Structures are given as C-alpha cells and as structure tokens.
Amino acid sequence: MCGIVGCVMARPAAPLLLDGLKKLEYRGYDSAGIAVSDGGAISVVKRKGRVKGLEDARALKGGTGVGHTRWATHGAPSECNAHPHCFGGICIVHNGIVENAATLKEECVRRGETFSSQTDSEVIAHLIAAEEGDLLTAVRAALQKISGSYAVAVLSERAPDTIVCARRASPLVVGCDGEGSYVASDIPAVAADGRAVYVLGDGEFAVLKKGEPPAFFDGALTPVKKAAIAYDACADTPQKQGFPHFMKKEIAEAPQSAEQSFPDLQSEVYSALCEVLCQTEHIHLVACGTAYHSTLCMYYVTHRFAKMTAQPFIASEYRYMDPIVPRGTLCITVSQSGETADTLASAALAKARGAKLLAVTNVKHSSLERMSDFVLPTHAGREIAVAATKSFCAQLAVLYALSHTIAQCRGHQAPPVSPLFSAMREALAAGEKVRAWVPYFVGARSVFFLGRGADRYAALEGSLKLKEVSYLPSEGYPAGELKHGTLALVDARTPVVALITDPAVADKTMNAVHEVSARGAPVFLITTIPACLGCAEVTACVLLPACEPAYSPMLTALPVQLLAYYVALACGNDPDKPRNLAKAVTVE
Ligand code: AGP
C-alpha cells in the first residue's frame with residue numbers, strides 16, 4: 001500500500017528520500033513522487049510507475065522533503081493523482097482514506113478552489129491551507145474535519161525546514177540522529193545505525209525541525225515525551241540471495257520460519273498466556289486473507305483435539321457485524337504485517353467489548369502488537385513478496401501450539417507439532433515436482449483445489465495463492481460439495497488439484513477425483529497417503545511425508561505455493577509484485 005518518507009537535514013534531502021522510497025517498494029504501489037523545500041520554495045516531481053522513474057529529482061536542492069509511493073484507491077494510477085499534493089503553499093503526502101472527501105471538496109470548491117487530482121488526499125492540503133496559525137495548529141484543525149484514516153507528513157512554504165506529521169489508524173514512525181530528523185510509514189524505511197526511532201501513537205503529532213530533536217504532541221497538542229524503541233538497525237532490506245524471486249526464497253524459508261516461530265512453551269510470556277487459555281471459554285479468531293486461512297486451520301485443530309470451538313471471523317465482517325463478545329472472550333488476531341486496517345479495527349472493537357487480545361504477528365512494534373494484551377510473534381523474518389508464504393506456515397506453528405495447549409488444559413491429548421518441521425523440509429523438496437504440472441494450468445478456464453477436513457483449508461489457501469500471482473480464476477472447495485452445483489463448471493479446461501492427507505476420508509475425496517475426471521478434468525494429487533497414488537485417473541501426483549492429518553496444511557501449503565509461483569512465471573507475471581495488490585492493506 002502507500003508509503004511515506006520524509007526528512008529534515010542539512011544536506012540535500014532528495015537522495016535520501018529516493019532511497020527511502022525504494023525500501024517501501026515491496027508494499028505495492030503504482031505511482032511515486034517527492035517534494036523538496038529549499039528554504040521555502042517547494043519543488044515537486046512525481047510519476048506514474050516505479051520509483052526509478054524519479055531519478056531526475058535526485059538533483060533537487062533543499063534539505064527538507066517528503067516522498068510517497070501511492071497505491072490507487074480514489075482515482076486511477078497517474079501522475080496527477082500521485083502524491084505529494086500541493087495547494088496554497090501546503091504540500092502533503094497521505095496514507096489512508098478521507099471518507100468524507102466528497103463533502104469537504106464541495107466546501108473548497110464553493111470557496112472558489114480548484115482540484116488537480118481525483119484523489120481523496122488532495123483535500124487535506126486545501127483544508128490546511130485554509131487554516132490560520134502556525135503549521136502544527138493548522139494541521140490539527142484540518143485533520144479534525146476528516147473522517148477516516150491518515151498518516152500525513154506536511155510541508156509549508158511559510159514554515160521552511162519543518163515537517164509536521166500526524167497519524168490516525170495508519171502507522172508512522174519518526175527517527176533522529178546527528179544529521180537530522182526522519183519520518184516514514186514503516187520502521188525499515190527509517191532505521192539506520194545509531195538512529196533513535198519513535199513510534200507515533202494514534203492521534204499524535206510530531207514536528208521535525210532543522211537543527212532540533214523531533215517534538216511530539218498528543219491530540220490536544222500537549223507535548224509528550226517518547227522513549228525510543230529497540231530495533232535491529234542492521235536488519236537491512238532482505239536480498240534474494242541467489243533466488244530468482246523473493247516468493248521462491250520465502251517458500252524455501254518456510255520450514256525454518258515455522259520452526260523458529262513455534263513458541264517456547266516454558267517461557268514466562270507463554271506461561272502467563274497459558275493461564276488465560278485455560279480459563280477462557282470463548283475464543284474469537286480474527287484475520288484477513290491468508291492469515292484468515294491460518295485461523296481456519298486453528299479452528300479445525302482446536303475442534304478436533306481440544307473439543308472446543310474457536311470461532312474464525314473475517315476481520316472486515318467482524319468489525320461491522322455487531323459481534324457478541326461474551327465475558328472472558330480471548331480474541332486472537334493474526335496478521336503478518338500487524339497493520340491490516342480491518343484486523344486492527346476488529347481488535348479495537350473486541351477490546352472495547354471486554355475481550356483480551358492476543359496478537360500473532362510478524363512485525364515488531366506494529367500497531368496490532370502495541371494494542372494487544374499478549375503477543376506471540378512469528379519469527380518468519382521480513383516477507384517481501386506480496387503473496388504470504390513463509391508467514392502462513394509460521395502462523396500455523398504458533399496457532400497449532402495454542403490449540404495443543406488448549407487441548408491439554410481441557411484434559412485432552414493433541415499430537416506433537418514438532419515432527420512437522422523436518423517433514424516440511426521433505427515436502428519442500430517433493431513439492432518441486434509441481435513444476436511439471438504448469439502446462440496444464442496456463443490458459444486454464446478455471447482451477448479447483450479440493451479437500452476435506454484440514455485439506456479443505458489448505459485448498460482455500462492454494463486457490464488464493466494461485467489467483468494472486470497467476471491471475472487465473474480458481475476456487476478452493478470442500479470435496480463433498482462439488483456435486484451440489486460446482487461440478488457444472490468442470491470440463492477438460494478446469495484442472496483440479498486434490499489434497500488428500502486424512503486416511504479416514506481419503507476414499508471420499510477420491511470419489512470427487514473420479515467425478516471430475518469423468519468430466520474430462522486433468523487431476524493433480526497432493527497426498528501423504530501412498531495408497532492414493534495408484535489411481536489411473538490422476539494425471540500427476542506429489543507424495544508428501546506422512547503426518548498428523550489435522551496439521552497437514554503445514555506440508556500441503558508448500559507444493560501449492562510452489563505451483564502458484566511456477567504458474568505465475570509461465571504466465572509472464574512478476575510473482576513478487578502481483579498486479580493491484582499490496583503487502584499491507586492499511587485501508588479498508
Ligand atoms: C496473501 O498472500 C495476501 N497477501 C493477503 O491475503 C494477506 O494475507 C492479507 O492481506 C492479510 O495481511 P496481514 O497478514 O498482513 O494482516
């Protein structure tokens with residue numbers, strides 16, 4: 001999604017802004033721009049497309065500037081819709097959505113002002129320009145008129161060498177060192193050796209001025225003191241390390257990510273959590289996309305082994321469904337980024353209704369982490385490709401550990417999770433066979449992923465991954481539901497991937513294989529059961545190591561992720577940057 005960088009320093013700002021924007025590229029964007037102030041006058045360069053298109057801005061003079069990568073929401077990707085947006089000597093970059101932009105714009109137009117973009121963001125510059133007083137006061141007054149979410153960084157011709165920043169429901173961090181002050185929408189874009197980094201709280205403001213340390217203010221503009229956070233300054237943007245794409249590298253890192261993420265069950269944090277888990281009667285699982293699929297897997301395992309219902313919810317539904325949150329509810333939110341707008345809003349709602357919050361997230365200091373009562377980090381390392389791969393397996397490791405603990409609390413036994421980690425390494429090697437399946441998928445009319453039990457949830461994830469990076473229409477489906485309508489879609493141009501890992505229902509899923517094969521569909525089998533391999537109707541198969549069927553998504557995820565990757569390549573797509581998608585969905 002959109003990204004913000006900014007700096008106030010004695011040397012030229014442009015090179016630093018361009019480098020900062022490059023660090024934000026992984027988030028997904030379609031246009032970019034920078035604005036640099038040289039003692040008052042502000043120069044703006046913006047382009048549709050990649051940050052490298054801004055190279056001519058490197059020579060801009062001036063030590064104060066802001067930069068932005070835009071992921072279009074209101075208005076097509078174009079130069080005029082790219083940020084920064086300027087009006088009346090005010091220049092802004094904005095992440096988030098101004099929900100009442102139409103009404104606010106009408107007021108500005110009535111005053112005789114004209115707009116040069118179709119964005120919701122431009123109105124912020126107009127509102128600030130219309131305010132009296134110093135820049136901080138004007139920014140606060142303008143933002144009070146806005147409904148929606150924002151992280152903003154503001155330059156003014158009337159306040160040289162100054163940036164005013166503010167946030168509501170969209171992340172922003174501030175840094176400072178001997179050379180100057182910095183702002184960015186995520187920590188890696190601001191982190192550097194010897195630099196202090198501060199996380200701006202919701203509703204807070206920061207003023208960055210040349211030659212001064214950054215000053216922080218609460219919503220009433222009362223100064224607040226902030227402690228610098230501890231972060232890994234050496235953690236550079238990950239490199240591909242010889243892999244052709246981040247997606248391939250990150251799939252390869254999945255076994256390690258899962259193993260590292262499995263919580264230390266003896267730790268103080270886990271013991272404290274254990275007490276909560278043992279007392280709780282109601283668990284809500286809330287997440288989006290791939291993270292939602294990992295909660296479905298936890299639901300299944302908890303049901304199976306702990307004989308308890310941990311209820312999964314899609315966050316964008318939960319936040320508007322007036323959820324019933326009984327006393328003593330534990331709300332477990334799962335998010336790779338820890339910044340997904342719907343997940344954050346759901347967490348806030350559950351908290352307001354009395355739930356305790358447990359965050360399972362991959363990003364330290366994320367908004368989700370900071371608002372939660374308990375945190376179980378996934379240790380997947382930074383995930384750069386937009387498609388979630390290793391983070392899914394890392395989430396499963398944490399969530400299966402929780403289910404295991406809940407089962408124990410309730411006097412039940414759950415099989416150990418740890419044998420999965422070495423099995424994942426074997427599954428990764430075996431999964432490479434899917435590369436040979438690619439010709440059957442390129443140009444397919446539609447693809448089905450079928451399974452029962454835990455396989456059903458891995459089927460959902462396999463389908464999401466394929467759609468995301470290959471752009472092929474696809475569905476993940478419970479195998480037994482096919483003949484209730486979906487079978488009408490199946491023909492020779494609809495390859496079917498069948499996931500079969502549970503001997504108890506293997507024959508049942510095999511029935512679905514026979515049904516689709518009888519309609520001419522090529523069938524590809526991913527199984528842990530050698531006896532399933534003999535089926536003459538199967539075009540090709542991958543045999544994975546045996547494992548506890550309820551935990552099998554941790555293994556089957558790997559060949560389905562690889563399949564999506566190889567099909568994307570064959571379709572000529574960049575698997576790391578699928579069209580229209582962003583890594584962290586920080587707006588509704
Ligand atoms: C998955 O490949 C997607 N990138 C997407 O579904 C993602 O999982 C979802 O947007 C949730 O993101 P989060 O884990 O950062 O909250």
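This dialogue examines how several descriptions of a predicted model are justified.

Trainee: Why is threonine 69 called buried?

Mentor: Threonine 69 has a relative accessible area of 0%, and buried means under 20%, so the word applies to threonine 69. This residue is found in strand S4, residues 64-70.

Trainee: Which residues does threonine 69 touch, leaving aside those up to four places away in sequence?

Mentor: Among them are Met1, Cys2, Gly3, Leu21, Tyr29 and Val51. They are called contacts because heavy atoms lie within 4.5 Å.

Trainee: What makes asparagine 95 count as buried?

Mentor: Its relative accessibility is 2%. The limit for buried is under 20%, so asparagine 95 counts as buried. Asparagine 95 lies in strand S6, and its contacts beyond four places in sequence include Cys2, Arg27, His68, Tyr150 and Ser185.

Trainee: How do you know that asparagine 95 makes a polar contact with cysteine 2?

Mentor: A polar atom of the asparagine 95 side chain lies 3.2 Å from the backbone oxygen of cysteine 2. The cut-off for a polar contact is within 3.5 Å, so this distance satisfies the limit.

Trainee: How far apart are asparagine 95 and alanine 153 in sequence and in space?

Mentor: They are separated by 58 residues in sequence and by 9.4 Å in space, taken from C-alpha to C-alpha.

Trainee: What is the order of the strands in the open sheet of seven strands?

Mentor: The order is S5-S6-S7-S8-S12-S13-S14, and the pairing is antiparallel.

Trainee: Why are S5 and S14 said to stand at the edges?

Mentor: Strand S5 (85-87) and strand S14 (223-224) each have a single partner strand, so one side of each has no neighbour in the sheet. Helix H3, residues 122-129, packs on this sheet and touches S5, strand S6 (90-98) and strand S7 (148-156). The direction of H3 makes about 130° with that of S6.

Trainee: How do you know that S13 and S14 pair?

Mentor: Two bridges join strand S13 (residues 215-217) to S14, and pairing requires at least two bridges, so the requirement is met. These strands run antiparallel, and phenylalanine 217 stands opposite proline 223 in S14.

Trainee: What makes strand S10 mostly covered?

Mentor: Five of the five residues in strand S10 (residues 180-184) are buried.

Trainee: Which strands are joined to S10 by bridges?

Mentor: Strand S1 (residues 3-9) is joined to S10 by five bridges and runs antiparallel to it. Strand S9 (residues 173-177) also pairs with S10 in the antiparallel sense, over five bridges. A hairpin of two residues leads from S9 to S10. In S10, glycine 180 is the bridge partner of methionine 9, and serine 181 is that of cysteine 176.

Trainee: Why is tyrosine 471 called partly exposed, whereas histidine 365 counts as buried?

Mentor: Tyrosine 471 has a relative accessible area of 25%, and histidine 365 has a relative accessibility of 17%. Buried means under 20% and exposed means over 50%, so tyrosine 471 falls in between, and histidine 365 falls under the lower limit.

Trainee: What makes the phi of histidine 365 and that of tyrosine 471 worth a remark?

Mentor: Most residues other than glycine have a negative phi. Histidine 365 has a positive phi, near 65°, and tyrosine 471 has a positive phi of about 65°. Histidine 365 is in the loop between strand S18 (356-361) and helix H12 (367-371), and tyrosine 471 is in the loop between helix H16 (454-470) and strand S21 (474-478).

Trainee: How do you know that threonine 340 makes a polar contact with the ligand?

Mentor: A polar side-chain atom of threonine 340 lies 2.5 Å from an oxygen atom of the ligand, and the cut-off is within 3.5 Å, so the pair qualifies. A polar backbone atom of glutamine 336 is 2.7 Å from a ligand oxygen. For lysine 465, an N or O atom in the side chain is 2.8 Å from an oxygen atom of the ligand. The protein buries 91% of the 410 Å² that the ligand exposes when taken alone.

Key
Residues numbered from 1 in each chain as written. Predicted model: local features only at pLDDT ≥ 70, side-chain atom pairs only at ≥ 80, totals over all residues. Heavy atoms only, no water. Helix = DSSP H or I, 4+ residues; strand = E, 2+ residues; numbered from the N terminus. Axes fitted to C-alpha atoms, helices over the stretch in contact; angles between N-to-C directions. Buried < 20%, exposed > 50% of the residue type's maximum accessible area, 1.4 Å probe, protein only. Polar contact = N/O pair within 3.5 Å; in protein donor to acceptor, adjacent residues only side chain to side chain. Areas by Shrake-Rupley, 256 points an atom, 1.4 Å probe, with all protein chains shown as cover.
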